[in-house]
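Me: Here is a model to go through by question and answer. Please keep the replies short and define the terms as they come up.

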Amino acid sequence: MKIVNKVKIGYKDYDINLVDRDIYVDGKECYGQINYDNEYININNKFNDNQKKATFIHEIVHGIDEMWGSDMTEKQVELFSNGLYKFLLDNPEIFNGKEVGNNECVNIHIPEFSYEFSKDIIDNVTKSIKDKLMQEVAVYIYK
Ligand SMILES: [Zn+2]
């Protein structure tokens, strides 16, 4: 995950700035801040990469909350953004990984049991049977 220099949240385009000065909101030092009216997010550059990325996601959650009026408390934003950040770290393939396939299934009914086999398995079994038959035919022809 990268801290990009711009993000779009609804109709707002936020500039992302890494700043080399302390950030205070209501007299309290913060890792970052979001300004909804001037559309920017400041992230304090003095912290490590992991903290800066977590702050980036935190401020984005604030931005989404503001845009869609979900009215989250600071604590809710904190907990949700931490969960989201961890999810994004643990699942980088959601943006460029292999898309879930339309796993076509075939039902095979055998009186005693009924199983669902994936098309891959059916194709492999069909190919094995065909190969075996061709071998037997070949053996028969050359006898
Ligand atoms: Zn916050």
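Me: Which residue in β6 does I16 stand opposite?
Reply: This is a predicted model, in which local features need pLDDT of at least 70 and side-chain atom pairs count only at pLDDT 80 or more, while totals for chains, interfaces and linings use all residues. Residues are numbered from 1 along each chain as its sequence is written. Strands (E, at least two residues) and helices (H or I, at least four) are DSSP runs numbered from the N terminus, and two strands pair if DSSP finds at least two bridges between them. β2 and β6 pair in the parallel sense over five bridges, and opposite I16 in β6 stands I41.

Me: In what sense do β1 and β2 pair, parallel or antiparallel?
Reply: In the hairpin of these strands, two residues lie between them and G10 takes a positive phi near 60°. K8 has its bridge partner, D13, in β2. Over four bridges, β1 (residues 6-9) and β2 (residues 12-19) pair in a sense that is antiparallel.

Me: Which element gives the largest share of the largest nonpolar core?
Reply: A nonpolar core is a set of buried Ala, Val, Leu, Ile, Met, Phe, Trp, Tyr and Cys residues joined through C-beta atoms within 7 Å. The largest one has eleven residues, among them I9, Y14, I41 and F56. Two or more residues each come from β6 (40-44) and α1 (49-68). The largest share, five residues, comes from α1.

Me: Is D26 buried or exposed?
Reply: D26 is found in the loop between β3 (23-25) and β4 (28-30), and has a positive phi of about 50° although it is not a glycine. A residue is buried if 20 or more other C-beta atoms lie within 10 Å of its own, exposed if 12 or fewer, and partly exposed in between, with C-beta atoms placed from the backbone. Because D26 has 5 C-beta neighbours inside 10 Å, it counts as exposed.

Me: How is α1 oriented relative to α2?
Reply: Axes are lines fitted to C-alpha atoms, for helices over the stretch in contact, with angles from 0 to 180 degrees between N-to-C directions. The axes of α1 and α2 come within 9 Å and cross at roughly 125°. Angles under 35 degrees count as roughly parallel, over 145 as roughly antiparallel, 65 to 115 as roughly perpendicular and the rest as oblique. The crossing angle therefore makes α1, relative to α2, oblique.
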